[in-house]
Amino acid sequence: MAAGNALGEFLKARRGRVPPSRADLPGHGRRRVAGLRRDELARLAGISEPYLTRLEQGVDEHPSPQVLRALARALELDADTRAHLFALAAPDPVRPAETEVTPDLHQLLDAWAGTPAYVRNRRFEVLAANKWARALAPMYEPGHNLVRDMFLDPAARRLFPDWPEIAAQTVAALRAEADPRDPVTARLVAELENDEDFRGLWARYDARPSRDELKRFAHPHVGELALRRQALTVGGAEQQVIIVYQAVPASPSAEALARLL
């Protein structure tokens with residue numbers, strides 16, 4: 001990851017994903033790029049090609065909101081990826097505050113009896129977890145990085161039956177929530193790019209924050225669980241996120257959760 005030119009790398013990667021046919025451009029003949037050429041994106045966005053070149057090369061890192069909106073439209077970005085584009089163009093990196101989890105939040109996690117819950121930051125470092133979360137997966141132990149474990153711990157690939165889908169969601173969430181200009185995040189990504197699966201997903205430049213979704217587990221002791229994930233922002237500590245897993249009451253997954261401890 002070129003942390004010093006995050007905006008330019010993003011623009012180049014995303015224009016490579018827009019087929020010329022989608023932009024009513026001729027797709028026949030010999031093309032040196034898979035998606036849009038630089039002059040084609042500039043024309044679609046209504047900006048000059050020299051200016052787009054400066055953006056992609058990192059000479060100009062802070063385009064106006066009008067230019068960003070035009071680029072987002074031309075690149076067919078969804079709402080999440082558009083928000084990521086605007087964040088990359090912000091004057092300064094958003095650095096996660098090194099705020100510790102408060103005693104009240106620890107108490108809240110422990111009060112959720114039978115409900116796995118943990119707190120992570122925007123770098124996906126686990127800051128706190130209740131005993132049900134720690135019993136659900138070792139990766140939820142405080143001190144672990146969820147993205148690192150997802151790709152580098154073989155147990156994670158066995159834990160999630162839908163590992164390819166979960167891995168793609170994890171990478172997209174890291175890109176959406178962490179700032180690639182943050183030195184700690186940049187070192188994490190550099191480490192993980194040695195993994196082929198991560199490298200391919202990171203190169204897609206998808207950005208999507210964690211959502212409330214159903215997640216399946218294949219637990220080595222209690223069997224299969226289907227749990228609804230909820231992602232909650234901590235008031236007063238917006239760099240912290242609470243992740244809570246819930247099972248449908250009286251379901252086999254709820255019974256499995258009860259056997260975790």
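Select Phe217 first: across from this residue, in strand E4, stands Leu225. The model on display is a predicted one. Now extend the selection to the whole of strand E3, residues 214-219, and view its side chains, which alternate between two faces. Lys215, Phe217 and His219 point to one face and are buried. Leu214, Arg216 and Ala218 point to the other face and are not buried.

**From E3 to its neighbours**

Add strand E4, residues 223-234, to the selection. E3 and E4 run antiparallel and are joined by six bridges. Follow the chain from E3 into E4, and a hairpin of three connecting residues appears. Next, select strand E5, residues 237-246, which pairs with E4 in the antiparallel sense over seven bridges. To locate one point of this pairing, pick Ala231 and then Ile243 in E5, its bridge partner.

**The whole sheet**

With the remaining strands shown, an open sheet of five strands comes into view, in the order E2-E1-E5-E4-E3 and with antiparallel pairing. Which strands stand at the edges? They are E2 (126-129) and E3; each has a single partner strand, so one side of each is left without a neighbour in the sheet. From one strand to the next, the twist averages 30°. In general, the strands of a sheet pair through backbone hydrogen bonds.

**The aromatic rings**

The next stop concerns the aromatic side chains, for which the count comes to eight aromatic pairs. Select Tyr118 and Tyr140, a stacked pair with 4.6 Å centre to centre and 20° between the planes. Tyr118 belongs to strand E1 (residues 117-121), whereas Tyr140 lies in the loop between helix H7 (131-136) and helix H8 (146-152). The pair thus links distant parts of the chain, 22 residues apart. Are these two residues buried or exposed? Tyr118 counts as buried at 4% relative accessibility, and Tyr140 is buried with a relative accessible area of 1%.

Return now to Phe217 and add Tyr245. Their ring centres are 5.3 Å apart and their planes stand at 90°, so this pair is edge-to-face. Because Phe217 lies in strand E3 and Tyr245 in strand E5, the pair ties together parts that are 28 residues apart in sequence. Both residues are buried. Adding Phe160 to the four rings already selected shows a cluster, in which ring pairs link Tyr118, Tyr140, Phe160, Phe217 and Tyr245.

**Two crossing helices**

Leave the sheet and select helix H2 (residues 38-45) together with helix H4 (residues 65-74). Their axes come within 8 Å and cross at roughly 115°, and H2 passes H4 in a right-handed crossing. To see where they touch, show Leu41, Leu44 and Ala45 in H2, which meet Ala70, Leu71 and Ala74 in H4. The residues of this contact divide into six nonpolar, no polar and no charged.

**The surroundings of H4**

Finally, keep H4 selected and colour its buried residues: Val67, Leu68, Ala70, Leu71, Ala72 and Ala74. What do these buried residues pack against? Their partners are helix H1 (6-15), H2, helix H3 (49-57) and helix H5 (79-88). The tour ends at Glu76, which follows H4 and has a positive phi near 60°.

Note on methods:
Residues are numbered from 1 along each chain as its sequence is written. This is a predicted model: local features need pLDDT of at least 70, side-chain atom pairs count only at pLDDT 80 or more; totals for chains, interfaces and linings use all residues. Side-chain values use heavy atoms; hydrogens and water are left out. Buried means under 20% relative accessible area, exposed over 50%, partly exposed in between (1.4 Å probe, protein chains only). Helices (H or I, at least four residues) and strands (E, at least two) are DSSP runs, numbered from the N terminus. Two strands pair if DSSP finds at least two bridges between them. Axes are lines fitted to C-alpha atoms, for helices over the stretch in contact, and angles run from 0 to 180 degrees between N-to-C directions. A crossing is left-handed if the near helix is turned anticlockwise from the far one by less than a right angle, and right-handed if clockwise. Contact means heavy atoms within 4.5 Å. Ala, Val, Leu, Ile, Met, Phe, Trp, Tyr, Cys and Pro count as nonpolar, Asp, Glu, Lys and Arg as charged, and the others, Gly among them, as polar. Rings of Phe, Tyr and Trp (its six-membered ring) pair if their centres lie within 6.5 Å; planes under 30 degrees apart count as stacked, over 60 as edge-to-face and the rest as tilted.
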